[in-house]
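Visitor: I should be grateful for a close look at one part of this model, namely the sheets of chain B together with the helices and loops around them. Please take me through that part in a connected account.

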Amino acid sequence: MSTTSKVAPATTPAPASRARQVGELLSRNLRQFGMVIALILLLLFFQIKTGVALNPGNIINIIQGNAYVLILAVGMVLVIIAGHIDLSVGSVAAFVGVVVALLIQDWNVPVYLAMLLGLVVGAIVGAWQGFWVAVVGIPAFIVTLAGMLLFRGLNQVFGKSTTIPVPQEIIYFGTASLPEVGPNTGFNNLTVLLGLLGLVALVVLELRKRRNALRLGAPVGPTYALVTRLVLLGAAILVATYLFASAPIGRSFPIAGIILLVLVVLYAFIAARTPLGRHIYAVGGNRAAAVLTGVNVRRVNFFVMTNMGVLAAVAAIVFIGRSTSSGPADGTGWELDAIAAVFIGGAAVSGGIGTVVASVIGGLVIAVLNNGLQLIGVQADITQVIKGLVLLLAVALDVYNKRQGKPSIIALLQRGFQRSSTTPEHEQPRSATKV
Amino acid sequence: MMNVARRKMLYAGFAGTVGVALALSGCSQRAGTDAGTAASASSGASAGFKEGSLIGVALPQKTSQNWEDAQRLFPEKLKAAGFTSQVQFANSGVAEQQSQISALITRGAKVLIVGPIDGSQLGTQLAQAKAAGIPVISYDRMITNTPDVDYLVTFQPDKVGQLQGQSLLQGLQEKAGHPAPYNVELFAGSPDDNNARIFFEGAMKVLQPKIDDGTLVVPSGQTTFQQVATQGWDPKTAQNRMDSILTANYSGATLDGVLSPNDTIARSLITSIGNAGKPIPPMTGQDSDPESIKLIADGVQYSTVDKPTVKQVDASVDIVKELAAGKKVDVTNGESDNGKTKIPTDFLDPTLVTKDNAAQVYADDPVRGPIAKGQG
């Protein structure tokens, strides 16, 4: 093949047989796509068991019902990559929720202004916690533990422990879908357009990455690997588009999903393509080295904590929209759900490793598991047991792989899309210890 | 670098896939409603559904014996009526209950019986149920903030509160050992449970006049619902509050009576008072927990309110049976206003239970009967 003759095959040792090459390639790609494959297998399993898991309506329910956790996971992964943790996100979200609801109900603030003020409050809370972490130097665990108590208390004080209904404009964010426009094609046209956009973006990004890599002389896999990857991911996007677009009239890809997509694209870009993102990975990966290379650690820490506050506010608005009111028990346990999603997605406890997309996929795995078990009718207590075991096993598998010198299952999930900042780190172990 | 021909092939391949996808669009049909069932548009006037249909039951956290009873009774009674059922408890909170209700709708439940954790946060899911033509029965606690509730089955919460207030006054007269004024403390249930507020207001209808004329005194000064509420009906929270009140106000004074909203909290308050070394005053309760019945038989807790879960389950199943037969539901005897709509309600009558009538009230109950007779 013209490709392999021009580029040194840095991925396998020279005399390997064709079969072994293919085998290694398959196993490595399998690991990279481990979580996505797990997600698909879970969906298929529950579809077989219940017959309704892949109903468009059900998939939409999964997205709408878990959007708030996934939005939190997007922020949480940056915090964890930077080497910290944030235990207060549930309480902060509850606090912002009650503030927004009260502004609208008691102070007659216009709805969109109230939502904006909610985001501002989230930013202030995040900045408050960021101050204690970045400037004073208290471990984030303690600061956010204090924040968890502090903001839960403020939530009760402001809301007087009652539920406060929210108006239709906010309910829209939690429950609405893309509107029906254009000719009647039997699908929701906007969703189809979105899916096609995603498909085109996938192809363009993959090809451009490959062209860049070849131009720079960096190692690339064989063409058939690229094609297979494109076909599989493209098929996944097409199937997802079909499911969302063929939902009953009035439902299609949910607005909460749009918000999530925008945030994922934005933060994945920030994490992988901007200096700020690289600094976050650096601070989490090796803080001393980061300081010595001139990274402003204080600014990085401040940013991730403030950002988490803003995203908690977004999650709060989506949740109270879906719940039609803000309640005193909102936010309980959300931080643990977000943290579980991030770790199932392959982040490292010590920091420096993890990607936004992988965390969202991890969150989706938990969501699909939850949904499937509910469809089967498994009791809530047993579901909790299963979720705990899944979290433990997923992370154990990841740690095992890392210890063997293989790359983290998900840390390289998006090598096809964008460069993960830890690539240099991972190239060495792979060739060093071959099992 | 990939040659131009191969790149063109790749692009062509994708264009082809996209074209096929678009072509297929013409052949699709979008269902009118979700859940794959031929749902009727209006609830209440439907043609009914057949035997073996799935009835979905979504209940809150299992915080007391009556919810354990509901978990046992619902499948039993629904099976006897010829339906299949799925009973779900939302231990983790509102978000879990929301997903459970959505899942039951997706599963094709014909009727939803919902005991809400927070009755005002289910609007979205119940709107989905309405769109799918699924009638919703609000069980034990009223669902608010949405017009999509069709029936309510509950023991008259206002009456429960009044019975509690009356029994507290009765207990004070019997046991205080000295004439008025009496020192009492007030406790209420969870602020997000609509019933808790009504229990408290019902009790205050009886007690407030006595507070106003000086017969009753509340040394801690905590008399509004917000001050006396117990988030999540959590007994630990109530116990901590009682500990603080005793320390702050009762170093010299005697506590003559306590208004407790239910049995679980009553027992935690009894523990708190006992730990402080004080005698246990007349204490009210609710739910007929077996452990509290033992305390009543022993004279430690003064009273409870009997709301047999089996009656509530039976009433709900009766509504389901009438819906299945496509008949107009006529077992309801009243109406409740949840702020957005008037809900036809089946009000059931609670019974006050004290040491005197315990044996008689629980005569037929296999678990509570022996306890009430002193053999538990």
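**The sheets of chain B and their surroundings**

Guide: In this predicted model, helix 2 of chain B, residues 65-80, lies across strand 1 (54-59) and strand 2 of chain B, and its direction makes an angle of about 165° with strand 2 of chain B. Both strands belong to an open sheet of chain B, in which 7 strands follow the order 2-1-3-4-5-11-10 with mixed pairing. At its edges stand strand 2 (84-89) and strand 10 (334-337) of chain B, each of which pairs on one side only. From one strand to the next, the twist averages 25°.

Within this sheet, strand 3 of chain B (residues 111-114) pairs with strand 4 of chain B in the parallel sense, over 3 bridges. One position can be followed across the pair: V114(B) stands opposite S138(B) of strand 4 of chain B. In general, the strands of a sheet are joined by backbone hydrogen bonds, in either a parallel or an antiparallel arrangement.

The loop between strand 4 (136-139) and strand 5 (151-155) of chain B holds D140(B). The phi of D140(B) is near 75°, a positive value in a residue other than glycine. D140(B) counts as buried because it has 26 C-beta neighbours inside 10 Å, the cut-off for burial being 20 or more.

Two helices of chain B may be considered next. Helix 3 (residues 94-106) and helix 4 (residues 123-131) of chain B pack with their axes 9 Å apart, at an angle of about 10°. Angles under 35 degrees count as roughly parallel, and helix 3 and helix 4 of chain B are therefore roughly parallel to each other. On the side of helix 3 of chain B, the contact is made by Q98(B), I101(B), S102(B) and I105(B); helix 4 of chain B contributes Q125(B), Q128(B) and A129(B). By class, this contact between helix 3 and helix 4 of chain B comprises 3 nonpolar and 4 polar residues, with no charged residues.

Chain B also has an open sheet of 3 strands, in the order 7-6-8, with parallel pairing. Strand 7 (216-217) and strand 8 (257-259) of chain B each have a single partner strand, so one side of each is left without a neighbour in the sheet. Strand 6 of chain B pairs with strand 8 of chain B in the parallel sense over 3 bridges, and V184(B) stands opposite G257(B) of strand 8 of chain B. Helix 5 of chain B lies across strand 6 and strand 8 of chain B, running at about 175° to strand 8 of chain B.

The loop between helix 5 (157-175) and strand 6 (182-186) of chain B is the place of P181(B). The peptide bond from A180(B) to P181(B) is cis, its omega being near 5°.

A further loop of chain B, between helix 7 (225-228) and helix 8 (235-249), contains W233(B). Although W233(B) is not a glycine, its phi is positive, at about 55°. W233(B) counts as buried because 22 C-beta neighbours lie inside 10 Å.

Key. Residues numbered from 1 in each chain as written. Chains lettered and ligands numbered in written order. Predicted model: local features only at pLDDT ≥ 70, side-chain atom pairs only at ≥ 80, totals over all residues. Helix = DSSP H or I, 4+ residues; strand = E, 2+ residues; numbered from the N terminus. Buried ≥ 20, exposed ≤ 12 C-beta atoms within 10 Å, placed from the backbone. Pairing = 2+ DSSP bridges. Axes fitted to C-alpha atoms, helices over the stretch in contact; angles between N-to-C directions. Contact = placed C-beta atoms within 7 Å. Parallel < 35°, antiparallel > 145°, perpendicular 65-115°, else oblique. Nonpolar A, V, L, I, M, F, W, Y, C, P; charged D, E, K, R; others polar.
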